[in-house]
Amino acid sequence: MHPLSLRDKALEQAETLAASGVDGVRLAYAYHGGRWLLSTSKPGEVADFSAGRWFAPSALRSADRQAAAVPGLALPSHGDLANSACAALTAAGLSVTAWLVGLHQSPLVRNRPDLALLNVLGHRYEHALCPAQPDVVRYARDLVTDAAAQPGVDGLELEAFGYLGWAHQSAHDKFGVALRPVDRWLLSLCVCEACTRRFSDAGADVDEVRVKARDAVRDQLRSAKPPAEHLADDAAGVFGSELLALILRTRSEVTSDLVAAAASAAPHLPVSVRATSDPYACDGKSSGDLHALARSAGGLTVTNLAGSLESLESDLATAARTGARVTAGWSLSAAHTTTEARLAQVTRAAEGCAAVAFYAYDLAPSQRLSWLSRLPRWDEHDEAPYFPETEAAQ
């Protein structure tokens, strides 16, 4: 949920959520820019969200911390709407997890372009900070510290704490040549000064990485080729298996290091990171070794918002082997949860998880709340739950 949804009738909406069987909310305390067509709080309203933090800077923040803040990396604040929303949700008996979108923050990149992702063709991306930059790590820790200190917050959810990619929906990306999945990933590789150091320390020739990736993209633009069945095969064709493994391992380590540093700033709260085991993912989920990410954060939120139950199940199986607290995340949008029976399939796939999180209040049809109220609840001692198999009316 975005706190903007609780501008009006906050307690009434919170009580409606509680009545549907929801027991907690992941509330956006820091969010990227967005434009939502609201479905529930004010149906039909087009709401523009400014990037930044939706809670006010703390008056208790010490002068020492103010002085230590990274220049140019202070998120703009849009009032204290998150704390107002949290108070209403708490009053309705719901727990509140502060949902933080970390490195996907265009205002900060505009302030500090030297900390942006730098692709293999020398272009900086205005929507993404690089997780290998020490100043970015400090910023991430500061954001977590501030959010963890807000009243009523029971935990933290970290999104976009890692490498983001070339694609950026709100920038109206346009291209006229068919790109393979590998080309999109190659355009997402960062070779900034900090990443260059990490690659070099790992034993990679960064010039070789840059040239091979650049030449592969330019070759695709000159004469489009169909993708291989698996992205990894195309990636190995560009770099060779040994160099590719080193690239993936280094990026995974950078991401785990960032998450560990951020999570350590809130030792008194449970922390979960939105993660995937797909080493080529660049969509806001922390990508790489789930065991390392589990050690870094303590909890994993395995989310698929594209409607692929197969991909969700694959990531959940990997996450289960980490021993961490695992949350399954799924989209309740009309496109991805078409029927109540489909929702039952997702719930069945998430059996054994600590929680299921649904995206997102005010984007999903309001009817879905009644579907949530009919979801079975059970523990390991119960018999298998009943799931409706018939399609519900749309």
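Here is a short chat between a biologist and a modeller about the structure above.

Biologist: What is the average pLDDT of the protein chain?
Modeller: This is a predicted model, where local features need pLDDT of at least 70, side-chain atom pairs count only at pLDDT 80 or more, and totals for chains, interfaces and linings use all residues. Residues are numbered from 1 along each chain as its sequence is written, and side-chain values use heavy atoms, with hydrogens and water left out. pLDDT is the predictor's confidence in each residue, from 0 to 100. In the protein chain, 92% of the residues score at least 70, and the average is 91.

Biologist: Where does pLDDT stay under 50?
Modeller: The model has 26 contacts beyond four places in sequence for that stretch, a contact being heavy atoms within 4.5 Å. The stretch is residues 380-394.

Biologist: Which helix gives the most to the largest nonpolar core?
Modeller: A nonpolar core is a set of buried Ala, Val, Leu, Ile, Met, Phe, Trp, Tyr and Cys residues joined through side-chain atoms within 4.5 Å. The largest one here has 127 residues, and among those touching the most other members are Tyr29, Trp185 and Phe239. With ten residues, the top contributor to this core is helix α10 (residues 241-263).

Biologist: How do α9 and α10 lie relative to each other, roughly parallel or roughly perpendicular?
Modeller: Their axes come within 7 Å and cross at roughly 110°; axes are lines fitted to C-alpha atoms, for helices over the stretch in contact, and angles run from 0 to 180 degrees between N-to-C directions. The contact is made by Ala232, Ala235, Ala236 and Phe239 of α9 with Ser241, Leu243, Leu244 and Ile247 of α10. Angles under 35 degrees count as roughly parallel, over 145 as roughly antiparallel, 65 to 115 as roughly perpendicular and the rest as oblique. So α9 and α10 are roughly perpendicular.

Biologist: Is Thr250 buried or exposed?
Modeller: Thr250 is found in helix α10, and helices are DSSP runs of H or I with at least four residues, while strands are runs of E with at least two, numbered from the N terminus. Leaving out residues up to four places away in sequence, Thr250 touches Arg198, Phe199 and Ala202. Buried means under 20% relative accessible area, exposed over 50%, partly exposed in between (1.4 Å probe, protein chains only). At 3% relative accessibility, Thr250 is buried.

Biologist: What is the phi of Gly93, just after α3?
Modeller: Helix α3 (residues 81-91) has buried residues including Leu81, Asn83 and Cys86. Their cover includes α1, β1 (24-31) and β5 (95-101). Just past α3, Gly93 has a positive phi of about 90°.

Biologist: Which residue has a positive phi of about 60° although it is not a glycine?
Modeller: Look in the loop between β8 (155-159) and α6 (181-186). The residue there is buried, with a relative accessible area of 2%. With its phi of about 60°, the one you want is Ala160.

Biologist: What relative accessible area does Lys9 have?
Modeller: Lys9 sits in the segment before α1 (10-19). Phi of Lys9 is near 50°, a positive value in a residue other than glycine. Lys9 is exposed, at 62%.

Biologist: Which residues does a cis peptide bond join?
Modeller: Check the loop between β13 (355-359) and α14 (368-373), where Ala360 lies. Omega is about -5° for the cis bond, which joins Tyr359 and Ala360.
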